[in-house]
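Biologist: Please take a close look at one part of this model, the small open sheet in the first chain and whatever packs on it. After that, place it in the wider setting of the two chains.

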Amino acid sequence: MSTQPHILVIDDEAQILRALRTILTAKGFRVSVASRGEEGLTMAAAQPPDLIILDLSLPDMDGVEVCARLREWTQVPIIILSVRESERDKVVALDKGADDYLTKPFGIEELLARIRVALRHSAQSIGSQKSQIVTAGAVVIDLALHQVTRNGEEIKLTATEFKLLAYLAANAGRVLTNQSILSHVWDPSEADRVEYLRVYVRQLRKKLEDDPDHPSFIRNEPGIGYRFMVDE
Amino acid sequence: MEFHPEVIIVSMTRPDPLGRFKKFPGMEYLLAIMVTSVFTLIFLPFRSAEGQDHTILSQLYLLPVVISSVLWGLGPGALAALLSFLALNYFFVPPYYTLLVHRTEDLLVLIVFLGVSITIGQLVGRVSKSLSDSHAREREAIHLYELTVHLAGLQDEQSIASAIAERTLIVLRARRVDVLVEAQGQVPAHHVRMEDRSRPGQVQNETPTYLCPLQSSRGLLGEIQVWREGVSLGAVEVRLIGTFASQGVTALERLRLSQAASRARLLEDSDRFKSSLLSSVSHELRTPLATIKAAVTSLRSETVAWDSEARSELLAAIEEETDHLNQLVGNLLNMSRIEAGALKPERSWNSLADIVTSAIERMRQQTGKHQLEVDVSGDLPLVPVDYFQIEQVFINLISNSSKYSPEGTKITILAQRVDGDRLQVTVSNQGPHVAEENLERIFDKFYRVTAADKVTGAGLGLSICKGIIEAHDGRIWAENLAQGFAFNFTLPLSAEGFPLNAGQEIVDE
């Protein structure tokens, strides 16, 4: 039974804990729950989980702080749960090292998809055998050769466009904040120039997407940033 | 708490004709002596050797007496009378240049002159004094009137303090006047300083010449501090500044009372708002809850075996209603922010196409029975807006359109650039018209075109749209189309810190 991934859920709402425990157990995960931040940190240290689901509003401490303290010693994937009104906290938590987020109320299929992406990512980074080829529908991105093809035809990208696409594709499935994209692809000093990002995303979508107005690869994450979707 | 007053320094330059003549005590008496001497010099050449009738001369000598009494008061008048008497005796009554008198009638004339001149001098002096007193009272009344008129229209404490300081400075010809109004509740303290810069030198930390408290029936509000050189304040001036102070207190109290009254009115309004919100919302919350409860209890019921189609129908209803509830909660939060004046857009450069896409994504359940046509190009310029607030506007407009237009009809969303400096968005549907006179009112809180129970909705959606669009310096309006109904709103392409075209001019390498 040790092959079952272990998920730790830290949330102060008993109903959410009950629902998540039932659903995730049924989906084949081993689930432990904590209703306070300190308790969660202790449990994470005692029995390191494969993934943590963390609510941002906890009675004893800020979820952002829990996230920061976990990151001091572990790279375990963290998925943030929050309400729509705390966008700022969400961005802070993601910049502090959280891997993904979900807005309450959420659909369970969405949560399961996020869990799968996060677990796959951590498995990859542990094995440190990151794929150099990313495939998204008809688009194939070769990170090593700096080559992008669509339906087998090469697509010409500018240097910045490729850098942006490469960063998004290397983190496929994960949400990336505007700030982190800007400071990786441009420069940390330009982390506030969201307008650059918007313009380049638009250009990339025009070159890659079938319908740039309804993008299927470079998805928008409202108020947060972008997520590159690949075939599961 | 430390006292950090705001100091306003107003320099005044005004002509001060009297300021050049440095007054000193006793000057009036000196002037009386001079006038009498001048008259004596004028009379001397007309003196005849053999002596003359002193009656004319004695009447002429009343002139310096009257002049002195009128101009300089009773004391100098009396002095002039005495001097005239002596001069008359010394220069004009034989034997000349002595105070001796030979003739009895001369002595009589002199004594009568002295008596008459003193009496006339005193009478004239008294009349002139009471005249000047009444002039002073008139001036006082004018100053007071001016201050009252000035204070009447003022709506903030700073200007009231300034008005008092200015009047006091002018009326008292002071060097500097400070008016201090102490803080009260949330009203900050005020400190206004007026200085007459037309005179050299400045008042350094000296103690004020005069202090007058701003005393109201409910306590000390502040004080007036006056710095003036030389003469200390006379009784009239003290009385005047006292009246200024009480006028100032009245103005301050009037202001504070009216502010308290408007605060009370605001509270009352917000109270009324909250209770209508509560009644509207509780109804609104129960409807989806009732559906959810009914669906869930049906599914859990062991007496009925649901076929898979019925099951999925019930489950779809639950999901739809939870989305509905979530949307309602979002609107409530926005409404309370608008009411609290806390709806500040967190602007950043956004693509309207992205916003519309995610709004439609979130509305998929509710718009399933309508055909949605979207013409919002990603090539439109970026707009500096709050993503979530504008998304909420789209959600509310689409939700409203789907509620009020028949199933199966079209809902169209169109965005275009107008006049170069803004985007105009039109959300139109094929629903019924709204009477022209109600086109404005549909954006009011709790206003609904149809009777409350026919269509679900708290009547909040459109007023939230209006609040959000206006917070973005845009405009929102509704119009009847030939076939259908449309909402329009505009969004400026620039904002403070977001210059026009900043997001559009990025040249790729």
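Modeller: A good place to enter is a single pair: Glu221(A) stands opposite Gly225(A) in S12(A). The model is a predicted one, and what follows is computed from it. The pair belongs to the ladder between S11(A) and strand S12 (residues 225-228) of chain A, where four bridges hold the two strands in the antiparallel sense.

H7(A) packs on the sheet and touches S10 and S12 of chain A, its direction making about 75° with that of S10(A). The sheet itself is open and has three strands in the order S10-S12-S11 (chain A), with antiparallel pairing. Strand S10 (175-177) and strand S11 (218-221) of chain A are the edges; each has a single partner strand, so one side of each lacks a neighbour in the sheet. On average, and with direction ignored, neighbouring strands of this sheet are turned by 30° against each other.

The helix on the sheet has a helical partner as well. Two packed helices are described by the angle between their axes and the distance between the axes. For helix H7 (residues 178-186) and helix H8 (residues 194-208) of chain A, the axes come within 10 Å and cross at roughly 80°. H7(A) is therefore roughly perpendicular to H8(A), since angles of 65 to 115 degrees are counted that way. On the H7(A) side the residues that meet the partner are Asn178(A), Ile181(A), Leu182(A) and Trp186(A), and on the H8(A) side they are Val194(A), Tyr196(A) and Leu197(A). By class, this contact has six nonpolar residues, one polar and no charged ones.

Elsewhere in chain A, helix H3 (residues 63-71) has a buried set made up of Gly63(A), Val64(A), Val66(A), Cys67(A) and Leu70(A). Viewed down the axis of H3(A), these buried residues fall within an arc of 160°, so they line one face of the helix. An α-helix has 3.6 residues a turn, so residues three or four places apart point the same way. The elements that the buried residues of H3(A) pack against are strand S1 (6-10), helix H2 (37-46), strand S3 (51-55), strand S4 (78-83) and helix H4 (87-95) of chain A.

Another antiparallel pair in chain A consists of S6(A) and strand S7 (residues 139-142), joined by four bridges. Along strand S6 (residues 133-136) of chain A, Val134(A) and Ala136(A) point to one face and are buried, whereas Ile133(A) and Thr135(A) point to the other and are not. In a regular strand the side chains alternate between the two faces of the sheet. Val134(A) has Ile141(A) of S7(A) opposite it. The hairpin of S6(A) and S7(A) has two residues between the strands, and Gly137(A) takes a positive phi near 60° there.

Some backbone details deserve a check. Most residues other than glycine have a negative phi, and most peptide bonds are trans. Lys104(A) and Pro105(A) are joined by a cis peptide bond, with omega about -5°; Pro105(A) sits in the loop between strand S5 (100-104) and helix H5 (108-127) of chain A. Asn151(A), not a glycine, has a positive phi of about 50°. Asn151(A) lies in the loop between strand S8 (147-150) and strand S9 (153-154) of chain A, and it is exposed, with 9 other C-beta atoms within 10 Å. In chain B, Tyr97(B) has a positive phi near 60°. Its loop runs between helix H4 (74-92) and helix H5 (104-152) of chain B, and Tyr97(B) is exposed, with 8 other C-beta atoms within 10 Å.

As for the wider setting, chain A has eight helices and 12 strands, and 36% of its 232 residues count as buried. Chain B has 11 helices and 12 strands, with 32% of its 509 residues buried. In chain B, strand S4 (residues 210-216) and S5(B) pair antiparallel over seven bridges, and a hairpin of two residues joins them. Strand S2 (residues 176-181) of chain B also pairs antiparallel with strand S5 (residues 219-227), over six bridges.

The contact between the chains takes 22 residues from chain B and 20 residues from chain A. Helix H8 (308-339), strand S6 (348-350), helix H9 (352-362) and helix H10 (387-404) of chain B each supply at least two residues of the side that touches chain A. By class, that side of chain B has eight nonpolar, 10 polar and four charged residues.

Conventions: Residues are numbered from 1 along each chain as its sequence is written. Chains are lettered from A and ligands numbered from 1 in the order in which they are written. This is a predicted model: local features need pLDDT of at least 70, side-chain atom pairs count only at pLDDT 80 or more; totals for chains, interfaces and linings use all residues. A residue is buried if 20 or more other C-beta atoms lie within 10 Å of its own, exposed if 12 or fewer, and partly exposed in between; C-beta atoms are placed from the backbone. Two residues are in contact if their C-beta atoms, placed from the backbone, lie within 7 Å. Ala, Val, Leu, Ile, Met, Phe, Trp, Tyr, Cys and Pro count as nonpolar, Asp, Glu, Lys and Arg as charged, and the others, Gly among them, as polar. Two strands pair if DSSP finds at least two bridges between them. Axes are lines fitted to C-alpha atoms, for helices over the stretch in contact, and angles run from 0 to 180 degrees between N-to-C directions. Angles under 35 degrees count as roughly parallel, over 145 as roughly antiparallel, 65 to 115 as roughly perpendicular and the rest as oblique. The arc is that of the directions from the helix axis to the C-beta atoms.
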